[in-house]
Amino acid sequence: MSSRLTTTWSEYDDAVQEILDLSPTRLDIFDEDLAALKLERAPRVAALRALLIAPSHHRQLRIVVRKREFVCQHSPHLMSLLQLHAPLLMIIHAPPHLDRLGDCLMIADGRHTLVRFHREQPRARLIIDDASECAPYSQRFAEVLGEGGDALGSTTLGL
């Protein structure tokens with residue numbers, strides 16, 4: 001069990017990869033638009049694909065974004081995964097009243113969490129192998145997901 005603070009974009013980028021590598025069956029993401037996560041990089045696409053084809057009945061990748069334009073226009077690998085692996089992978093465009101939220105979350109299997117405190121800054125907390133420390137963030141993600149939104153389809157183009 002460990003926790004550490006990231007303060008630079010480089011450290012945050014490393015923490016994103018660490019969370020992806022620790023996501024064997026379930027990953028929840030709440031983010032502005034996924035741009036800072038750089039999910040189109042080959043190792044990250046591979047990690048997402050591995051999660052989606054894992055030999056588990058509990059595998060799931062849930063993504064909630066406040067802005068959908070980046071995903072639709074600049075994430076062809078992610079959209080391809082959506083086409084191949086729906087409903088294991090779902091991408092939700094959050095309702096407008098969630099635009100005011102500034103934090104970003106990545107939660108792997110309820111045991112590992114990366115929380116960026118503000119969408120415009122790299123300052124974040126990385127929690128590894130601590131379900132009790134991750135629980136409030138898992139609850140926050142559940143609340144965000146519970147607010148609804150519009151599901152993006154694999155054929156979503158443009159806006």
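These are my notebook entries on what I looked up in this predicted model.

**Ground rules.** Residues are numbered from 1 along each chain as its sequence is written, and side-chain values use heavy atoms, with hydrogens and water left out. Since the model is predicted, local features need pLDDT of at least 70 and side-chain atom pairs count only at pLDDT 80 or more, while totals for chains, interfaces and linings use all residues.

**Strand β2.** I started with β2, residues 26-31 (helices, H or I, of at least four residues and strands, E, of at least two are DSSP runs, numbered from the N terminus). Five of its six residues are buried (under 20% relative accessible area; exposed is over 50%, partly exposed in between; 1.4 Å probe, protein chains only).

Then I looked up who pairs with β2 (two strands pair if DSSP finds at least two bridges between them). Strand β3, residues 60-65, runs parallel to β2, with six bridges joining them. I noted that Ile29 has Ile63 as its bridge partner in β3. Strand β5, residues 104-108, pairs with β2 in the antiparallel sense over four bridges. There, Asp28 is bridged to Ile107.

I also found that β2, helix α2 (residues 42-52) and β3 form a right-handed β-α-β unit (with the strands pointing away from the viewer, the path from the first strand over the helix to the second runs clockwise).

**Thr113.** This one lies in strand β6, residues 112-116. Buried or exposed? Thr113 has 0% relative accessibility, so it counts as buried. Leaving aside neighbours within four places in sequence, its contacts (heavy atoms within 4.5 Å) include Ile107, Cys134 and Tyr137.

**Helix α5.** Cys134 and Tyr137 turned up again here, since the buried residues of α5 are Cys134, Tyr137, Phe141 and Val144. Among the elements covering them are β2, β3, β5, β6 and β7. I checked the span too: 16 residues at 1.5 Å a residue should give 22 Å (1.5 Å times one less than the number of residues), and the end C-alpha atoms are 21 Å apart, which agrees. Just after α5, Gly148 has a positive phi of about 85°.

**Rings.** I found one aromatic pair (ring centres of Phe, Tyr and Trp, its six-membered ring, within 6.5 Å; planes under 30 degrees apart are stacked, over 60 edge-to-face, the rest tilted). Trp9 and Tyr12 have ring centres 5.8 Å apart and planes at 90°, so the pair is edge-to-face. Both lie in helix α1, three residues apart, about one turn of the helix. Trp9 is partly exposed at 38%, whereas Tyr12 is buried at 2%.
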